[in-house]
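Please open the model in your viewer and keep the sequence panel beside it. The tour below moves from one selection to the next and says what is to be found at each stop.

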Amino acid sequence: MDLLKQRILKEASVLTSDVLRLDALLNHQVDPELTMEMGKEFARLFAEEHVTKIITVESSGIPVAFTTAQEMKVPLVFARRKKTLIADPDSYMERVPSFTKGIVTDIMVSKQFLKPEDRVLFIDDIIANGDAARGLIKIIERSGATLVGMGVVIEKSFQVGARTLREQGIRVESLVRVASLDNGEIRFE
Ligand code: G4P
Ligand code: NA
Ligand code: NA
């Protein structure tokens with residue numbers, strides 16, 4: 001998506017050689033029109049997949065998952081991050097480490113919202129090492145639903161997340177691929 005590349009060059013900044021600051025576009029402020037365009041693109045890419053549900057993890061994946069769901073006319077489910085000590089028999093739970101925050105969190109989806117007959121499209125804002133993604137994919141697998149693929153706004157292709165998922169046979173589509181952030185410069189693939 002050329003429009004998105006231009007916006008990233010204008011509004012994102014390089015925090016370190018592996019972290020891109022995206023507050024202006026994804027993590028703090030959201031542009032509805034741009035986010036609608038992202039949703040349209042994901043809907044187009046996965047149009048043939050008979051998707052019944054969009055899934056993401058709170059919080060930054062929600063806006064683009066919402067516009068994709070709106071475009072595909074299906075519900076959006078967002079996995080919640082829970083601080084709880086007791087396992088809930090009515091939900092799927094996975095523990096995931098967070099790359100930027102350096103902590104582990106539990107993500108959970110109620111069994112009510114993910115059924116074996118579902119064909120699920122996973123949408124997320126950024127893929128880095130893919131730890132959060134792997135946690136949610138495990139939940140989808142445990143539910144018996146079919147994962148038709150993953151759509152990510154920004155793939156940092158110098159980190160292993162997207163590549164690892166593709167090697168597992170998962171279709172991963174990204175709107176923009178960042179090849180490196182070296183020397184304070186954003187280089188696209
Ligand atoms: P992931 O690749 O599956 O996202 O997992 P990873 O553990 O690598 O990343 C964990 C979190 O860090 C994710 O947010 C992800 O979006 C964020 N992140 C990774 N790299 C970058 C980066 O270069 N820039 C920014 N701005 N964020 C990055 P999260 O913990 O799921 O939190 P939230 O933003 O959804 O609340
Ligand atoms: Na994030
Ligand atoms: Na996210």
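Select Asn 27 to begin this walk through a predicted model; Asn 27 is partly exposed, because 15 other C-beta atoms lie within 10 Å, a count that falls between the limits of 12 or fewer for exposed and 20 or more for buried. Asn 27 is found in helix H2, which covers residues 23–27, and, if neighbours within four places in sequence are left aside, Asn 27 is in contact with Leu 22 and Ser 60. UniProt, in an unreviewed entry, lists Asn 27 under "binding site" together with Leu 20 and Lys 156.

Go next to Leu 20, which the UniProt entry also lists for "binding site" and which sits in strand E2, residues 19–21. Leu 20 counts as buried because it has 20 C-beta neighbours inside 10 Å. To see its surroundings, select Ala 12, Val 14, Leu 15, Val 178, Leu 181 and Ile 186, the residues that Leu 20 touches when those up to four places away in sequence are not counted.

Now display the strands as a cartoon. Eight of them form an open sheet with mixed pairing, and they can be followed across it in the order E5-E6-E4-E3-E7-E8-E9-E10. At the edges stand strand E5 (91–97) and strand E10 (187–188), each of which has a single partner strand, so that one side of each is left without a neighbour in the sheet. Helix H4, residues 62–72, packs on this sheet and touches strand E3 (53–57), strand E4 (76–82), E7 and E8, while its direction makes about 180° with that of E3.

Within the sheet, select strand E7 (residues 119–127) and strand E8 (residues 146–156), which run parallel and are joined by eight bridges. Here Leu 121 stands opposite Gly 149 in E8. With neighbours within four places in sequence set aside, the contacts of Leu 121 are Phe 46, Glu 49, Val 51, Ile 54, Val 148, Gly 149 and Gly 151.

Which residues touch the most other members of the largest nonpolar core? Among the 49 residues of that core, they are Ile 54, Ala 79, Leu 121, Leu 136 and Val 153. In soluble globular proteins, nonpolar side chains tend to be buried together.

From Leu 136, widen the selection to helix H5, whose buried residues are Ala 132, Ala 133, Gly 135, Leu 136, Ile 137, Ile 139 and Ile 140. Helix H5 comprises the 13 residues 131–143 and reaches 19 Å from its first C-alpha to its last, close to the 18 Å expected at 1.5 Å a residue. Just after H5 comes Gly 144, with a positive phi of about 85°.

The last stops concern backbone geometry in loops. In the loop between E3 and H4, select Ser 59 and inspect the peptide bond leading to it from Glu 58, which is cis, with omega near 10°. Continue to the loop between H4 and E4, the place of Lys 73, a residue that is not a glycine and yet has a positive phi of about 60°; Lys 73 is exposed, because 8 other C-beta atoms lie within 10 Å. Finish at Asn 183, in the loop between strand E9 (172–180) and E10, where phi is near 55°, again a positive value in a residue other than glycine. Asn 183 is exposed, with 8 other C-beta atoms within 10 Å.

Definitions and conventions. Residues numbered from 1 in each chain as written. Chains lettered and ligands numbered in written order. Predicted model: local features only at pLDDT ≥ 70, side-chain atom pairs only at ≥ 80, totals over all residues. Pairing = 2+ DSSP bridges. Helix = DSSP H or I, 4+ residues; strand = E, 2+ residues; numbered from the N terminus. Contact = placed C-beta atoms within 7 Å. Axes fitted to C-alpha atoms, helices over the stretch in contact; angles between N-to-C directions. Expected span 1.5 Å × (residues − 1). UniProt positions renumbered as here; feature names shortened; annotations may be inferred. Core = buried A, V, L, I, M, F, W, Y, C linked by C-beta atoms within 7 Å.
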